[in-house]
Amino acid sequence: MNADMNSGEPQFERIALIGIGLIGSSLAHVIRRRGLARHIAIATRSRATLDRARELNLGDSYHEAATEAARDADLVILCTPVGVYGTIAQDVAPVLKPGAIVSDVGSVKGSVVKQVQPHMRDGVHLVPAHPVAGTEYSGPDAGFATLFVNRWCIVTPPEGAEPGAVDAVVGFWKSCGSNVEIMTAEHHDLVLAITSHIPHLIAYNIVGTAADLESVTESEVIKFSAGGFRDFTRIAASDPTMWRDVFLHNKDAVLETLGRFSEDLSMLQRAIRWGDGDALFDLFTRTRAIRRSIIDIGQETATPNFGRDGEIVTKVDEASK
Ligand code: NAP
C-alpha cells in the first residue's frame, strides 16, 4: 500500500468490497475515478446483485464468495448491513494476507470491533470507518462517485491500532473527498445516536402513526404531505435491513438518547397543554439557529426546493396536466 497521496501511484494494489449496494458501489466509482487501487474485487450475497455490478462495470473481478474477493487484498472494506459483519469476518479471516487492513462503512462502530476483532490474526489490522453520507436509495445502481465529497468520515481505530494502517485508511477517505475525524467507537455511537439514529426512528414512527390513523385517510395523508410529513417519508424510505441492524447494534446509546428525547417531548406536550407560548417560541428560535449553522458550514444548502428537484417537478407538472 502507498499512503502518499501525491505520488500518482494507486494507494492499494487490490481493494475488496464485500457488499455492493449504495455505499459499496459509490466506493467502486470513486476508487476507479481517482485510481486508488489497481484492482477492485467485488463480492456480494446474491447472484443478481453481482451480475448487476458486472453490468455496471463497477469492478475488475466479481466473486460469489467473500473469501475469493478478500484473498490477496491489501484493503478489505465491509459494505453490508452490520448484522452480518461477524460471519463475514470469520469467513475471510483465514485468507487475509499479512499486513492486510480490514475496514468497513457501518453506521455503528462499537459493535464492529466486538464482531470483527476476535477473528483478526496478528499482523492483520482492523480500522473501522463510517462515512457520514448517504441517500435513501439502495443497491448497486444507487451509487455515485461524489457521494463522499465534503462529507465527514469518522475513523474509529481500536486501542493499539497500527499507526500505518490508520494513516492508510484516513488517506483513503481523504482521497474519496471526505473530511476525516478520528474518535473512539463509543463516542461515535453516542454522537450518531442523536444526529442520525434517533431522527430515523422518529421518521419511521411518524410515518407508521400516520399510516395507522383511523380518523384521517391514507389518501389525505399522501395528498397533504407537503405540510412537513413528506420530509419524514424520505428518511423513512431508508433500507429496512440496514436500519434494523443499526438499532439492534447501537442499542445502549439509542435507548439512552431516546430517554432524554422523551422527557423533552413531554415538556413540549405540557407547554402546548398549558398554552406556554414562550417555551415553544424559545425552542423554535434555538432550533432555527441550528439549521442556519448547518447551512453555514456547507453540510446543506439553503435552496428552498422542499425535496423537489427538476425531475420531480416535471413529473408533478405532467401529472397535473
Ligand atoms: P445496500 O444498498 O442495501 O447494500 C447492501 C449490500 O450488502 C448488498 O450488496 C447486499 O447484497 C449485501 N448484503 C446484504 N446482506 C448480506 C449478507 N447477509 N451477506 C453478504 N452480503 C449481504 O446498503 P448500503 O446503504 O450500501 O449500506 C451498507 C452499509 O453502509 C451498512 O452497514 C450501513 O450501515 C452503512 N452506511 C449506509 C449509509 C446509507 O445512507 N445507506 C450511510 C453510511 C453508512 P445482495 O444485494 O446481494 O443481497
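This is a short talk on the strands, ligand shell and salt bridges of one predicted model.

Some conventions before the structure. The model is predicted, so local features need pLDDT of at least 70 and side-chain atom pairs count only at pLDDT 80 or more, while totals for chains, interfaces and linings use all residues. Residues are numbered from 1 along each chain as its sequence is written, and side-chain values use heavy atoms, with hydrogens and water left out.

I start with the sheet. Six strands form an open sheet, ordered β3-β2-β1-β4-β5-β6, and the pairing is parallel. Strands here are DSSP runs of E with at least two residues, helices are runs of H or I with at least four, and both are numbered from the N terminus. Two strands pair if DSSP finds at least two bridges between them. Which strands stand at the edges? They are β3 (61–63) and β6 (125–126), each with a single partner strand, so one side of each has no neighbour in the sheet. At the β6 edge, β5 (residues 101–104) pairs with β6 in the parallel sense over two bridges. One residue pair to look at there is V102, whose bridge partner in β6 is L126. As general background, strands of a sheet pair through backbone hydrogen bonds, either parallel or antiparallel.

The antiparallel sense turns up elsewhere in the model. β7 and β8 pair that way over three bridges, with A129 opposite V155 in β8. β8 also pairs with β9 (residues 179–182), this time in the parallel sense and over four bridges. In that pairing, W152 has N179 of β9 as its bridge partner.

Next, the ligand. How many residues surround the ligand? There are 27, and the closest are R45, S46, T49, T80 and S107; a residue counts as near if one of its heavy atoms lies within 4 Å. By class, the shell divides into 12 nonpolar, 13 polar and two charged residues. For those classes, Ala, Val, Leu, Ile, Met, Phe, Trp, Tyr, Cys and Pro are nonpolar, Asp, Glu, Lys and Arg are charged, and the others, Gly among them, are polar.

I list three polar contacts with ligand oxygen atoms, a polar contact being a pair of N or O atoms within 3.5 Å. A polar side-chain atom of T49 lies 2.6 Å from a ligand oxygen. For T44, also through a polar side-chain atom, the distance to a ligand oxygen is 2.8 Å. I23 uses a backbone N or O atom instead, which lies 2.8 Å from an oxygen atom of the ligand. On its own the ligand has 900 Å² of accessible area, and the protein covers 86% of that; the areas come from the Shrake-Rupley method with a 1.4 Å probe. The elements that give two or more residues to the shell are α1 (22–34) and β7.

Now the salt bridges. The structure holds 12 of them, each defined as a side-chain nitrogen of Lys or Arg within 4 Å of a carboxyl oxygen of Asp or Glu. I will go through three.

The pair E13 and R38 has its closest N and O atoms 2.9 Å apart. E13 lies in β1 (residues 12–18) and R38 in β2 (residues 37–43), so this bridge ties together parts that are 25 residues apart in sequence. Are these side chains buried or exposed? E13 is partly exposed at 41% relative accessible area, and R38 is partly exposed at 49%. The cut-offs are under 20% for buried and over 50% for exposed, with partly exposed in between, using a 1.4 Å probe and protein chains only.

The second pair is E55 and R52, at 2.7 Å from N to O. Both lie in helix α2 (residues 47–55), three residues apart, about one turn of the helix. E55 is exposed at 59%, whereas R52 is partly exposed at 29%.

The third is R234 with E136, where the closest N and O atoms are 3.4 Å apart. This one links distant parts of the chain, with R234 in helix α9 (residues 229–236) and E136 in the loop between β7 (129–131) and β8 (152–155), 98 residues apart. R234 is partly exposed at 45%, while E136 counts as buried at 17%. Salt bridges with shared partners also join R52, E55 and D141 into one network.

Last, a packing detail. A203 is in helix α7 (residues 185–212) and is buried, with a relative accessible area of 0%. Its C-alpha atom is 6.2 Å from that of I235, 32 residues apart along the chain.

Methods:
A polar contact is a pair of N or O atoms within 3.5 Å; within protein, one must be able to donate a hydrogen and the other to accept it, and residues adjacent in sequence count only if both atoms are side-chain atoms.
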